[in-house]
Amino acid sequence: MWIHVFVFILTFCFMEFMAWFSHKYIMHGFLWNLHADHHKKDHDSWFERNDAFFIIYAVISIIFFLLWQNNILEIGLAIGLGIFAYGCAYFLVHDIFIHQRFKLFRNANNSYARAVRRAHKMHHKHIGKEEGECFGMLIVPFKYFKQEFRKNKKATRF
């Protein structure tokens with residue numbers, strides 16, 4: 001039982017690395033044609049070609065569920081759920097909180113939320129494939145947290 005909890009947590013954490021890696025080297029690499037409309041909207045649809053990446057990771061998660069269900073991989077359920085949970089967190093943070101595809105969490109205003117939003121804004125200042133920065137999602141460079149802490153310090157002095 002504990003091994004499954006450990007594998008779930010490990011998978012969730014590993015997915016942050018996978019998000020960073022696939023964003024930097026795949027989305028801004030050979031699959032830029034699917035990701036480009038996320039940086040520069042060239043259509044009127046609510047959906048983006050970039051949404052295909054959610055489907056790719058969903059299929060990977062389902063494969064692990066099936067491996068578990070067919071008694072091929074005992075920890076397949078934990079891995080599949082870890083991928084699924086990260087996908088849910090990514091959707092909440094990226095699509096709902098940052099890009100406001102649904103008008104929720106508009107008033108989230110803590111240091112973490114502002115740092116994540118700022119890092120993502122810096123990523124989107126580059127509309128092209130090259131010269132990007134801040135490719136992760138839940139873990140962003142510490143400099144954005146320091147900026148927010150400095151702002152909070154200045155605001156509380158007065």
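This section describes the fold, aromatic contacts and surface features of a predicted model.

The chain is helical throughout its secondary structure count, with six helices and zero strands. Read along the sequence, the pattern is α-α-α-α-α-α. The C-alpha atoms fill a box of roughly 60 × 40 × 30 Å along the principal axes. Of the 158 residues in the chain, 37% are buried.

Model confidence was examined next. The mean pLDDT of the chain is 85. A value of 70 or more is reached by 94% of the residues. Among the helices, confidence is highest in α3, at a mean of 96, and lowest in α6 (residues 142–157), at 72. Where pLDDT is low, predicted coordinates should not be read in detail.

The UniProt record, an unreviewed entry, lists residues 6–31, 52–69 and 75–93 under "transmembrane region". Such annotations may be inferred rather than shown by experiment. In the model, residues 6–31 are 96% helix and 0% strand. The end C-alpha atoms of residues 6–31 are 32 Å apart. Residues 52–69 are 100% helix and 0% strand. Here the end C-alpha atoms lie 26 Å apart.

Aromatic contacts were then surveyed. A search of the whole structure finds nine aromatic pairs. In one of them, the ring centres of F12 and Y86 are 5.4 Å apart. Their planes meet at 65 degrees, and planes over 60 degrees apart count as edge-to-face, so this pair falls in that class. F12 lies in helix α1 (residues 2–30), whereas Y86 lies in helix α4 (residues 76–98). The pair therefore ties together parts that are 74 residues apart in sequence. The two partners differ in exposure class: F12 is partly exposed, at 24% relative accessibility, and Y86 is buried, at 3%.

F54 and Y90 form another edge-to-face pair. Their ring centres are 6.0 Å apart, with 75 degrees between the planes. This pair also links distant parts of the chain, with F54 in helix α3 and Y90 in helix α4, 36 residues apart. F54 has a relative accessibility of 29% and counts as partly exposed. Y90, at 15%, counts as buried, because the cut-off for burial is under 20%. F12, F54, Y86 and Y90 belong with F91 to one aromatic cluster. Members of this cluster thus come from helix α1 and helix α4, as well as from helix α3.

Aromatic side chains also appear on the surface. W46, F47, L92, F102, L104 and F105 make a nonpolar surface patch of about 610 Å². Within this group, F47 sits in the loop between α2 (32–39) and α3 (52–69). F47 is exposed, because its relative accessible area of 54% lies over the 50% cut-off.

A second loop holds an unusual backbone angle. Most residues other than glycine have a negative phi. N71 is not a glycine, yet has a positive phi of about 55 degrees. The place of N71 is in the loop between α3 and α4. The residue is exposed, with a relative accessibility of 73%.

Individual positions in three helices complete the picture. S22 is in helix α1. S22 is buried, at 5% relative accessibility. The C-alpha atoms of S22 and F8 are separated by 20 Å, and the two residues are 14 residues apart along the chain.

W32 lies in helix α2. At 16% relative accessibility, W32 is buried. N50 is 18 residues away from W32 along the chain. The C-alpha atoms of W32 and N50 are separated by 9.0 Å.

K146 is found in helix α6, the helix with the lowest confidence in the chain. K146 is partly exposed, with a relative accessibility of 39%. S111 and K146 are 35 residues apart along the chain, and their C-alpha atoms are separated by 9.3 Å.

Methods:
Residues are numbered from 1 along each chain as its sequence is written. This is a predicted model: local features need pLDDT of at least 70, side-chain atom pairs count only at pLDDT 80 or more; totals for chains, interfaces and linings use all residues. Side-chain values use heavy atoms; hydrogens and water are left out. Patches are made of residues with over 30% relative accessible area and no salt bridge: like charges are joined within 9 Å, nonpolar side chains (Val, Leu, Ile, Met, Phe, Trp, Tyr) within 5 Å. Accessible areas come from the Shrake-Rupley method with a 1.4 Å probe; for residues, only the protein chains shown count as cover. A salt bridge is a side-chain nitrogen of Lys or Arg within 4 Å of a carboxyl oxygen of Asp or Glu. Helices (H or I, at least four residues) and strands (E, at least two) are DSSP runs, numbered from the N terminus. Buried means under 20% relative accessible area, exposed over 50%, partly exposed in between (1.4 Å probe, protein chains only). Rings of Phe, Tyr and Trp (its six-membered ring) pair if their centres lie within 6.5 Å; planes under 30 degrees apart count as stacked, over 60 as edge-to-face and the rest as tilted. pLDDT is the predictor's confidence in each residue, from 0 to 100.
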